[in-house]
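Reader: Could you walk me through the inside of this protein? I'd like to start with the empty spaces and then move to the packing.

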Amino acid sequence: MTQDSYQLQKGAAAIYEQQKVTAIFRPLAEATLSKIDVSNDESVLDIACGTGIVARVVKELVDPAFPVTGVDLNEGMIEAARLLTKNNPGAFRWRIADVTAMPFPDSSFSLAICQQGLQFFPDPGKALSETHRVLQPGGRIILSVWAGASQFFLALARAIETHVSQECATRSLSPFSFKQLKAIPELLGSAGFNAVTMSDLAINRHIENPEEAIPREIMGNPVGPEVSACGHAVMSRIVDDVLKDCSDLRTGTTLTSPQTARVYCARAG
């Protein structure tokens, strides 16, 4: 993640990897990459890389001739990415960097992927212009942004509002509340991209043993410390409310919540 209002506390990157990457970000990366042609001669940039799941899936699918590069403003995320790829350090480059001022020369990459990061950039237009700068002419950008909050996250926000605060609940929904969603094609065009296409990609978020997983889900969110500070009883009431509201999504020990990503593809002009 990249915006100050959505920065994770120290140590939360490990929870993020264990909970969110397993439940949704790996499946989303796999589904997105299955829709595009990635070859082994690509030079790939993973923007707002978090713990590096997109970069890692790229490496699993193909064997790029160049190290897959990941950038994120969150130091804890980059530290986690380095740790997760320590057995293959030559295949990756991890950099702590602002997406509006990336430390790469012009035309460094042939493919830039930003999975669920654009909505956190303070200046999306400037971020896209900088991405255009580091892409080769004709290079591709792939963006995914949530098309809205799922039933699960709406239930979670309602429970947080009831037991913590409305402000905390609103912040918990920030990944799904990108006000410029419909303007993304225009933002891409203004940044110098063309041949813009859009499609929706539905992913199932599988939450195993939700009584235990929902508190981890909350702690992998920047509102986690605020919720946790309210005590165990409050956390338990939040979990109970979410399970009640999402009872129709549960089968046995698994809660499955459909979630839709809007995926944009474009080329650098």
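Reader: How many cavities of 30 Å³ or more are there?

Author: This is a predicted model, where local features need pLDDT of at least 70, side-chain atom pairs count only at pLDDT 80 or more, and totals for chains, interfaces and linings use all residues. Residues are numbered from 1 along each chain as its sequence is written, and side-chain values use heavy atoms, leaving out hydrogens and water. A cavity is a set of points, on a 1 Å grid over the protein atoms alone, where a 1.4 Å probe fits but cannot get out. With 30 Å³ as the lower limit, the count is four.

Reader: Which residues lie closest to the centre of the second largest cavity?

Author: That cavity has a volume of about 80 Å³ (the space filled by probe spheres set on the points, which are joined across faces, edges and corners). Its lining residues, those with an atom within 4 Å of a point, number 13. Closest to the centre are Tyr16, Ala48, Cys49, Ile53 and Gln115.

Reader: Which residues have the most contacts inside the largest nonpolar core?

Author: Such a core joins buried (under 20% relative accessible area, 1.4 Å probe, protein chains only) Ala, Val, Leu, Ile, Met, Phe, Trp, Tyr and Cys residues through side-chain atoms within 4.5 Å. The largest one has 61 residues, and those with the most contacts inside it are Val58, Ile113, Phe152, Leu156, Ile214, Ile238 and Val242.

Reader: What does Phe152 touch?

Author: Contact means heavy atoms within 4.5 Å, and residues up to four places away in sequence are not counted here. On that basis, Phe152 touches Ile207, Ile214, Glu217, Val242, Cys246, Leu255 and Ser257.

Technical notes: Buried means under 20% relative accessible area, exposed over 50%, partly exposed in between (1.4 Å probe, protein chains only). On a 1 Å grid over the protein atoms alone, a cavity is a set of points where a 1.4 Å probe fits but cannot get out, and a pocket is an open set with protein on both sides within 12 Å along at least five of seven lines; lining residues have an atom within 4 Å of a point.
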